[in-house]
Amino acid sequence: MSRVCITIAFNTPWVIDALTKAWEMQSPGMTLVVVDNSTKVEARQAIARVCKMRGVPYLALPMRVEKHLSRSHGTAITWAFHNIVRHLKPELFGFIDHDCFPVAPFDIPSKLAGKTVYGRRAYGSENHVYKAGPDDRHWNLWAGYCFYRFSAVAACKLNFDPRLSLGLDTGGANWAALYSKLAETEVAVATLEQRPMTMAGAVGHHEVIDGAFFHLAGVSYPERPGYHHRTAEHRQMLRDYVWNTYLGGPAGQGVSDF
């Protein structure tokens, strides 16, 4: 595999079901690999079945519990880089959120032509909330959509942990290891826009990256009040919306959970 895109699965088989189906329909020029960081045995079993059904490489990480979701995600990505990417030595590699689906024709490798990195840029702030602005020098590529030319970063000790002291979430540790050393001409930055999404008569918004990747956000969050509060009913509506809008209807589903 010379162009590898890794996603970290976490307790939501229906999301991996949708992602692998979307990859079949709108492959963005890279081979998808699923690394499973789930904390639930039944979720791991269902995700493994989906990957086998769709011919997607699957690797389960050792079972562990980390209360800090960003740190858990970052540790899993760091492990994947050092144990999968460094072993394969692909031309290009990257990481995508498990709920970030390709829904239109797109070619990720073309975005890396002549570049070291490509992705969605996030800036740091003192209150740990992302803000885009040229006056804040600390930044990283969001760990849910970041891509690299291996030969250009092979010597770097990449670390995808957050750096909350800099206001940077997952992947922020790479500010010191990589991003602070890059010239602006080495970076290709993805665009981000909000688009309306109607479910059960209510209009909300979802993110679209570079006009081609539909990002739900927060599908694995616990059922507690907050920015990404997801009840079981809400998860089911999200699943149905994704399949009916982008994936040709529920007949192609590999799992029925939500």
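Accessible area here comes from the Shrake-Rupley method with a 1.4 Å probe. On that basis, the chain in your viewer exposes about 11700 Å², and carbon and sulfur atoms supply 53% of that area. Keep in mind as you look around that this is a predicted model.

**Stop 1: the whole chain**

Show everything as a cartoon and colour it by secondary structure. You will find seven helices and 11 strands. Of the 258 residues in the chain, 53% are buried. If you count contacts between residues at least 6 apart in sequence, 68% of them join residues at least 24 apart.

**Stop 2: the sheet**

Now select the strands of the open, seven-stranded sheet and follow them in the order β3-β2-β1-β4-β7-β6-β8. The pairing along the way is mixed. Which strands sit at the edges? They are β3 and β8 (187-189), each of which pairs on one side only. Neighbouring strands in this sheet are turned by 30° against each other on average, ignoring direction.

Zoom in on the β8 end. Strand β6 (residues 117-123) runs parallel to β8 and is joined to it by three bridges. To see one of the pairs, select Val-117, whose bridge partner in β8 is Val-187.

**Stop 3: two helices across the sheet**

Add α1 (13-25) to the view. Helix α1 lies across β1, β2 and β4 (92-96) and runs at about 170° to β2. Then add α2, which lies across β1, β2 and β3 and runs at about 165° to β3.

**Stop 4: a closer look at α2**

Select residues 41-54, the 14 residues of α2. At 1.5 Å a residue this helix should span 20 Å, and its end C-alpha atoms are indeed 20 Å apart.

Next, show the side chains. Which residues of α2 are buried? They are Ala-43, Arg-44, Ala-46, Ile-47, Val-50, Cys-51 and Arg-54. These residues cover an arc of only 165° around the axis, which puts them on the same side of α2. An α-helix has 3.6 residues a turn, so residues three or four places apart point the same way. Turn to the other side of α2 and you will meet the exposed Glu-42, Arg-49, Lys-52 and Met-53.

What do the buried residues of α2 pack against? Their partners are β1 (3-9), α1, β2 (31-36), β3 (58-60) and α7 (232-246). Before leaving, click on Gly-55 just after the helix, which takes a positive phi of about 70°.

**Stop 5: along α7**

Move on to α7, with its 15 residues. The expected span is 21 Å, and the end C-alpha atoms are 21 Å apart, which agrees. The buried residues in α7 are His-234, Arg-235, Leu-238, Arg-239, Tyr-241, Val-242 and Trp-243. Just after α7, Gly-248 takes a positive phi of about 85°.

**Stop 6: His-206 and Phe-214**

Keep Tyr-241 on screen and select His-206, one of the residues in contact with Tyr-241. His-206 belongs to strand β10 (residues 202-209) and is buried, with a relative accessible area of 3%. Beyond its sequence neighbours, the residues that His-206 touches include Glu-193, Arg-195, Met-197, His-215 and Tyr-246.

Phe-214 is another contact of His-206. Phe-214 lies in strand β11 (residues 213-215). Is Phe-214 buried or exposed? Phe-214 is buried, with a relative accessible area of 0%. Its contacts include Asp-99, Cys-100, Phe-101, Val-103 and Glu-207, as well as Tyr-241 and Val-242 of α7.

To finish, draw a distance from Phe-214 to Gln-194: they are 20 residues apart in sequence and 9.9 Å apart in space, C-alpha to C-alpha.

Conventions: Residues numbered from 1 in each chain as written. Predicted model: local features only at pLDDT ≥ 70, side-chain atom pairs only at ≥ 80, totals over all residues. Heavy atoms only, no water. Helix = DSSP H or I, 4+ residues; strand = E, 2+ residues; numbered from the N terminus. Expected span 1.5 Å × (residues − 1). Buried < 20%, exposed > 50% of the residue type's maximum accessible area, 1.4 Å probe, protein only. Arc of directions from axis to C-beta. Contact = heavy atoms within 4.5 Å. Pairing = 2+ DSSP bridges. Axes fitted to C-alpha atoms, helices over the stretch in contact; angles between N-to-C directions.
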